[in-house]
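Here is a brief report on one chain. It covers the overall build, then one pair of packed helices.

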Amino acid sequence: MLCILALISAIAPLATDMYLPGLPVMADSLDTSAASIQLTLTTFMAGLGIGQLIIGPISDGIGRRCLLLGAAIVTTLGSAACALAPSIEFLIGARLIQGLSGGAAIVLARACIADRARGDGAAKLFSIMMIIGGIAPVVAPLIGGALLGPVGWRGIFWVLTIAGGVMVAGVITLVPETLPPERRHGGGLKALALNLGYVTGSRRYLGYALSFIFGFGALFSYIAASPFVVQNVLGFSPSRFSMVFAANAVGMVLAATITTRLLGRVSARTLLIFGVSLLSTSGAALFCAAAIFNSTNPAALLIPLFFSISSIGFIMGNATALAQGEVTEAAGTGSALMGAGQFGLAAVVSPIVGIAGPDTAIPMAVSIPTFGLLAAVALASLTRSGDLEDSLSTKG
């Protein structure tokens, strides 16, 4: 069950990154501009956020499994539609459908775990999913680049279709209903409003959710800016950039692995505090090197950047589990708000880190510690009331 839910959670980076190597070929094949092709990425990201907002609250009323199966089926059909797209307009629409259903699947996968696990157990499961999620963005472009020559860009979407078919089969055979009828809420706008009020009224949920969202903001600042910083500012070749990107992903996965080994002896909250602190301090070192000293020394930039990205492995899984644990009566709504905030912030961050042009590291060096500081403020100001309980729980 966990493997299938992890595959579902990885659909976003797979469907985002696998076809990136084929964007220029796609523009020629569909006789369109690069800007129009890039809209296929924009609409997919928008769909991811909107899909989570719509389906998460609904699942609190009618359960997870039937919606998860439907989302997996629509994601599969959306991938097939992308592979068959006769025009750029058709492809943009298919990518929107793929994003809406993929976002629904992601929010339901998180909610399934929140239904079944609590505390450190949930944090361990979310961290395992984080490990897989950290591998997917590294592997996806490599797979896409390897497939582009033999099967073309349409073949890449057929591979995503096959992955969607595996998701459908996995949901049918391995994923039971995780939300029993007695824990469901009535449908309708009134129930939706009550769920939203319940979730947003929890200060501790908001503190942990904002830590998650701001941590992802730091990660996406790096994803959006690093190709330009590493290649244009540091002068690395594309192959050396791939090595840097892979090394940072390994650091993030290693941190998530350490988290799973420490949980039970160290509380999820303590590990989250460590991760946010590491993000803030290493981000500050990156800021000093790039913005204050205007350094272009690879070690001066890449070492603090490595620790900044590695810190995400301590943040994402623990923050998710702690936030979901605060709103167990509306886990779907809680997961939806986190996902919408995650991808909504990603959409805003991408143009911001490129605002000063492709030949400077300063926007990235400013945004990463800023998000680290915002995560620290949210964690300290909104979740402090539970410190004693957390401490006693850990000692117990």
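Contact here means heavy atoms within 4.5 Å. With that cut-off, take the contacts in the chain between residues at least 6 apart in sequence: 87% of them join residues at least 24 apart. The model is a predicted one.

**Overall build**

The chain holds 15 helices and 0 strands. Its radius of gyration is 20 Å, close to the 21 Å from the globule rule for 396 residues, so the chain is as compact as a globular protein of that length. The C-alpha trace spans about 55 × 50 × 35 Å along its principal axes. Of the 396 residues, 54% count as buried.

**Helices α11 and α14**

Two packed helices are described by the angle between their axes and the distance between the axes. For α11 and α14, the axes come within 8 Å and cross at roughly 150°. Angles over 145 degrees count as roughly antiparallel, so α11 is roughly antiparallel to α14. The crossing of the two is left-handed.

Which residues of α11 and α14 meet? The table gives some of them.

| Helix | Residues 268–292 or 362–382 | Contact residues, including |
|---|---|---|
| α11 | residues 268–292 | Arg269, Leu272, Ile273, Val276, Leu279 and Phe287 |
| α14 | residues 362–382 | Ile362, Met364, Val366, Ile368, Pro369 and Leu379 |

Small side chains take part too. In α11 they include Ala284, Ala290 and Ala291; in α14, Ala365, Ala375 and Ala376 are among them. Gly283 of α11 and Gly372 of α14 also belong to the contact. By class, the contact of α11 with α14 has 19 nonpolar, 3 polar and 1 charged residues.

Note on methods
Residues are numbered from 1 along each chain as its sequence is written. This is a predicted model: local features need pLDDT of at least 70, side-chain atom pairs count only at pLDDT 80 or more; totals for chains, interfaces and linings use all residues. Side-chain values use heavy atoms; hydrogens and water are left out. Axes are lines fitted to C-alpha atoms, for helices over the stretch in contact, and angles run from 0 to 180 degrees between N-to-C directions. Helices (H or I, at least four residues) and strands (E, at least two) are DSSP runs, numbered from the N terminus. Angles under 35 degrees count as roughly parallel, over 145 as roughly antiparallel, 65 to 115 as roughly perpendicular and the rest as oblique. A crossing is left-handed if the near helix is turned anticlockwise from the far one by less than a right angle, and right-handed if clockwise. Ala, Val, Leu, Ile, Met, Phe, Trp, Tyr, Cys and Pro count as nonpolar, Asp, Glu, Lys and Arg as charged, and the others, Gly among them, as polar. The radius of gyration is taken over C-alpha atoms; the globule rule is 2.2 Å times the number of residues to the power 0.38. Buried means under 20% relative accessible area, exposed over 50%, partly exposed in between (1.4 Å probe, protein chains only).
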